[in-house]
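Dear colleague,

I am passing on the structure we spoke about, and would be glad if you could look through it alongside the notes below.

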Amino acid sequence: MPDTVVSVSVSLPMSTMTVGQSQQAAFRLTTDVTDGVADQQTPAWSSSAAATATVSTTGLVKAIAPGAATIRATIGAVSGQAAVTVSLVVVDITAAQETAIKAVPIGQTFQLRGPTTVFDVQVNA
């Protein structure tokens, strides 16, 4: 006879992430052991807002876009959850860069060149 799941809790190392970050969710399971040996049980992971944060079958959470999501682990009819908020990466720019960016029309894309990476940026406001 399988153990009865009493509760499932979920924890995240960070409750706030920036777009592109990943973190491993953890779950804690409380069961009523019926035969003296605890059964190995693996949860089904889900996200309430996959457009904001996804979660893999192993609990790896990835930040996709700004917003809020609830990461849930479910075993049978019992589930636990943890909230995560995703924000954009904020980058400080120089006054000269700000002046140049202001000249780009809204909706247009331009490139910022760093020492090792080129970034495509779209002007939204």
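To begin with a single residue: is Thr18 buried, partly exposed or exposed? With a relative accessible area of 24%, Thr18 counts as partly exposed, and please keep in mind here and throughout that this is a predicted model. Thr18 belongs to strand β2, which covers residues 16–18. Leaving out residues up to four places away in sequence, Thr18 touches Ala63, Val86, Ser87, Leu88 and Val89. The C-alpha atom of Thr18 is separated by 9.0 Å from that of Val90, although the two residues are 72 apart along the chain.

Strand pairing

Strand β8, made of residues 67–75, is joined to strand β5, residues 44–47, by 4 bridges, and these two strands run antiparallel. Within this pairing, Arg72 of β8 stands opposite Ser46. Strand β8 is also joined to strand β9, residues 78–87, through 9 bridges, again in an antiparallel arrangement, and here Thr70 has Ala83 in β9 as its bridge partner. The hairpin formed by β8 and β9 has 2 residues between the strands, and in it Gly76 takes a positive phi near 65°.

A second glycine, Gly67, is found in strand β8 as well, and its relative accessible area of 28% makes it partly exposed. When neighbours within four places in sequence are set aside, Gly67 is in contact with Val84, Thr85 and Val86, and also with Thr52. In the last of these cases the C-alpha atoms of Gly67 and Thr52 are 5.7 Å apart, while the residues themselves are separated by 15 positions along the chain.

Aromatic pair

A search of the whole structure finds 1 aromatic pair. This pair is formed by Phe27 and Trp45, whose rings are edge-to-face, at 6.2 Å centre to centre and with 75° between the planes. Because Phe27 lies in strand β4 (residues 26–32) and Trp45 in strand β5, the pair ties together parts that are 18 residues apart in sequence. As for the surroundings of the two rings, Trp45 counts as buried at 13% relative accessibility, whereas Phe27, at 33%, counts as partly exposed.

Salt bridge

The count of salt bridges comes to 1, and the side chains that meet in it are those of Glu98 and Lys102, with an N to O distance of 3.5 Å. Both residues lie in helix α1, where they are 4 residues apart, or about one turn of the helix. Glu98 is partly exposed, with a relative accessibility of 39%, while Lys102 reaches 64% and is therefore classed as exposed.

Nonpolar surface patch

Finally, there is a nonpolar patch on the surface, formed by Val89, Val91 and Ile93, which together have about 270 Å² of accessible area. Of these residues, Ile93 is found in the loop between β9 and α1, the helix of residues 95–102, and it is partly exposed at 39% relative accessible area. Val89 also appears among the residues that Thr18 touches, which brings these notes back to the residue with which they began.

With best regards

Methods. Residues are numbered from 1 along each chain as its sequence is written. This is a predicted model: local features need pLDDT of at least 70, side-chain atom pairs count only at pLDDT 80 or more; totals for chains, interfaces and linings use all residues. Side-chain values use heavy atoms; hydrogens and water are left out. Two strands pair if DSSP finds at least two bridges between them. Rings of Phe, Tyr and Trp (its six-membered ring) pair if their centres lie within 6.5 Å; planes under 30 degrees apart count as stacked, over 60 as edge-to-face and the rest as tilted. Buried means under 20% relative accessible area, exposed over 50%, partly exposed in between (1.4 Å probe, protein chains only). Patches are made of residues with over 30% relative accessible area and no salt bridge: like charges are joined within 9 Å, nonpolar side chains (Val, Leu, Ile, Met, Phe, Trp, Tyr) within 5 Å. Accessible areas come from the Shrake-Rupley method with a 1.4 Å probe; for residues, only the protein chains shown count as cover. A salt bridge is a side-chain nitrogen of Lys or Arg within 4 Å of a carboxyl oxygen of Asp or Glu. Contact means heavy atoms within 4.5 Å.
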